[in-house]
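The exercises below go with one structure and its sequence. Try each task on the model before reading its solution.

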Amino acid sequence: MSIASIMDTRNWFKTIPETRKRKLLASQREGLWIEVGGQRLLNFASNDYLALSTHPNVCAAAKAAIDQSGLGSGASRLVSGDSSLLHELEHKLAAWKGFEACLLLGSGMLANLGLIQALADRHSHIFSDKLNHASLVDGARLSGAKVHRYPHLDLDNLEAQLQKYPADKCMIVSDGVFSMDGDKADVSGLLKLANAYDTLLIVDDAHGTGTVGEQGKGLVFEADVSGHERLLEVGTLGKAFGSYGAYILGTSEMIEGLRQRMRTFIFSTALPECAIAGALAALDEIQITDVVKKLQNNITYFLEQANALPLMPSQTAIQPMLLGSDKTALGASNQLREQGYFVPAIRPPTVPEGSARLRITLSAGHDKQDIDSLTKALANLA
Ligand SMILES: *Cc1c(COP(=O)(O)O)cnc(C)c1O
C-alpha cells in the first residue's frame, strides 16, 4: 500500500453522514446559562443536577485546596499522589451510601473499564443490560469475558440466560438510572437473581446518586440492599457532585482486592485534591441542605407541566422526548436553540436506530418559570 493511501483518513475512519456527526461546542458556562456561538441559552443539558459545580461553598473548598497543595497530585496514589482528603471522602461516601468500603477513581469511565477487567477473564460470563453505559460495555470487552446482553430491564430473559450459561465466575452488570432513557433498573430483582444464580452484581448509579430517594442516596439505597456482599456500586463525582472523578463501593475485602488489581487505579494519576475537596463540600450540601428535594420538586413540577408531551416513561432528572428520526430530533434541538434553550438531540449510535430524541435534564437550579417556559417551547415545536 502506498503512503498516499495510508494517509487517506477514509482508510481509518468511515465517512459519517452529516446528521450523525458529533460536534464539539466550545461553550462558556455560567451557572444555569450556557453561551454557545455567541448565543446565551438556558442549559437543560447538564448532569450538574444539583447546580453544585458553581456553589460558593464547593468552589471555596476547591480553591482552598489549591492554595494549600497546588493543582495536580503529581503521581498515582500508590507512588506519592495519595492524600488524607482522598481517604476522608472514601470513608464519608461509604458511610453515606451504607457500604463497608470505597475506592476513588479518576473517572466513571476509568472505574468501569478497570473494575470489570479486574474481576473477569475469558472464563467469566457477564450478563449486561442492552442499554448499559459505554463504560460498562467496554469494560466487559476489555476483560475478555463472554458477554450476554439481555433486553432492557427484561429480568425474565436475564434469568433464562443465567440458567443457560452457568460458570464459576458470573456477574450481572446494569446502569441504575439509565443515562439516555432516565428509567430505573430493578435493583432488588437483579440482586435476587444474583443470589439465586451465585453471581456478583454491579450497579452503576452515576445518574441516580444525588437525585433519587432520600438525600439522593440513589437506587441501591432505595432498594434497601446497600452493603450486600454480592453488590458493587459505581458512581461519579462529575454529575450531581459537581466535581470530577468516580468511586466504587463494596465490601472491605472486595475494595482491597481492587486496590491490588485494578489497572486503571494503579497506573493512573491520583485525582487532584481540589476535585476531592470540592466533592467533600458538595456531599455536605447534599446532606445538610434541601438541594436534593429542590431537584425532586422540579422533576415533579416538570412532569405535571409536560404531561401532554411525548415523553418517555421517566421519573428522574433525565427526561427524554422521543422524536424518531435524526432529522426531526436535530430540527427540534435547533428550534429550541433559536428560542433560547439548550436541549441536545441524542441520536444513534448513542441510542438505538429510529429512537433519536431530545434529552432534557433538569437541575435543582432551575426555577418554575424556567420549566414553564421550556415546556411551552416543547409543546410548540413544529
Ligand atoms: C457518566 C457516566 C459514566 C462516566 O463517568 P465519567 O466520570 O464521566 O467518566 C459512567 N457510567 C454511567 C452510567 C454514566 O452515566
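**Exercise 1. An edge of strand β3**

Q39 lies in strand β3, which spans residues 39–43. The model is a predicted one.

Task: Determine whether Q39 is buried or exposed, or in between, and which residues Q39 touches.

Solution. Step one is the accessibility: buried requires under 20% and exposed over 50%. Q39 has 30% relative accessibility and therefore counts as partly exposed. Step two is the list of contacts, leaving out residues up to four places away in sequence: Q39 touches I34, R337 and E338. Step three is a distance: the C-alpha atoms of Q39 and L323 are 25 Å apart, with their positions 284 residues apart along the chain.

**Exercise 2. The ligand shell**

Task: Describe the residues around the ligand by number, class and source.

Solution. Begin with the count: 14 residues surround the ligand, and the closest are G108, M109, D204, H207 and K239. Next, sort the shell by class, which gives two nonpolar, nine polar and three charged residues. Then assign the shell to elements: helix α5 (residues 108–119) gives the largest share, three residues.

Task: Which distances separate polar side-chain atoms of H133, H207 and K239 from ligand atoms?

Solution. Take the nitrogen first: a polar side-chain atom of H133 is 3.5 Å from a nitrogen atom of the ligand. Turn to oxygen: a polar side-chain atom of H207 is 2.7 Å from a ligand oxygen atom, and for K239 the distance to an oxygen atom of the ligand is 2.6 Å. Finally, consider cover: on its own the ligand has 380 Å² of accessible area, and the protein covers 84% of this.

**Exercise 3. Cysteines**

Task: Count the disulfides and explain why C59 does not form one.

Solution. The test is a pair of cysteine sulfur atoms within 2.5 Å. The closest cysteine sulfur to that of C59 belongs to C274 and is 11 Å away, so the distance is too far for a bond. The count for the model is zero disulfides. As a check on surroundings, C59 counts as partly exposed because its relative accessibility is 24%. C170 is buried, because its relative accessible area is 8%.

**Exercise 4. The buried residues of helix α8**

Task: List the buried residues of α8 and find what covers them.

Solution. Go through residues 187–196 and keep the buried ones: V187, G189, L190, L191, L193 and A194. Now look for the elements over these residues. The cover includes β6 (146–150), α7 (155–164), β7 (170–175), β8 (200–204) and α9 (219–222). Last, look beyond the helix: α8 is followed by D198, which has a positive phi near 55°.

**Exercise 5. Backbone angles in loops**

Task: Locate L153, D198 and P349, and state the backbone feature at each.

Solution. L153 is in the loop between β6 and α7. Its phi is positive, about 65°, although L153 is not a glycine. With a relative accessible area of 33%, L153 is partly exposed. D198 sits in the loop between α8 and β8, and it too is a non-glycine residue with a positive phi, about 55°. P349 belongs to the loop between β13 (345–346) and β14 (356–361). The peptide bond from P348 to P349 is cis, with omega near 10°.

**Exercise 6. Two residues compared step by step**

Task: Work out the surroundings of T211.

Solution. Place the residue: T211 is in the loop between β8 and α9. Relative accessibility is 4%, so T211 counts as buried. The T211 side chain reaches the backbone oxygen of G208 at 3.0 Å. Beyond four places in sequence, T211 touches Y49, G216, V292, L295 and Q296.

Task: Work out the surroundings of L322.

Solution. L322 is in strand β11, residues 318–324. At 39% relative accessibility, L322 counts as partly exposed. Not counting residues up to four places away, L322 touches P310, M312, S355, A356 and R357. Its C-alpha atom is 9.4 Å from that of G354, which is 32 residues away in sequence.

Technical notes:
Residues are numbered from 1 along each chain as its sequence is written. This is a predicted model: local features need pLDDT of at least 70, side-chain atom pairs count only at pLDDT 80 or more; totals for chains, interfaces and linings use all residues. Side-chain values use heavy atoms; hydrogens and water are left out. A residue is near a molecule or strand if one of its heavy atoms lies within 4 Å of it. A polar contact is a pair of N or O atoms within 3.5 Å; within protein, one must be able to donate a hydrogen and the other to accept it, and residues adjacent in sequence count only if both atoms are side-chain atoms. Accessible areas come from the Shrake-Rupley method with a 1.4 Å probe; for residues, only the protein chains shown count as cover. Helices (H or I, at least four residues) and strands (E, at least two) are DSSP runs, numbered from the N terminus. Ala, Val, Leu, Ile, Met, Phe, Trp, Tyr, Cys and Pro count as nonpolar, Asp, Glu, Lys and Arg as charged, and the others, Gly among them, as polar. Buried means under 20% relative accessible area, exposed over 50%, partly exposed in between (1.4 Å probe, protein chains only). Contact means heavy atoms within 4.5 Å.
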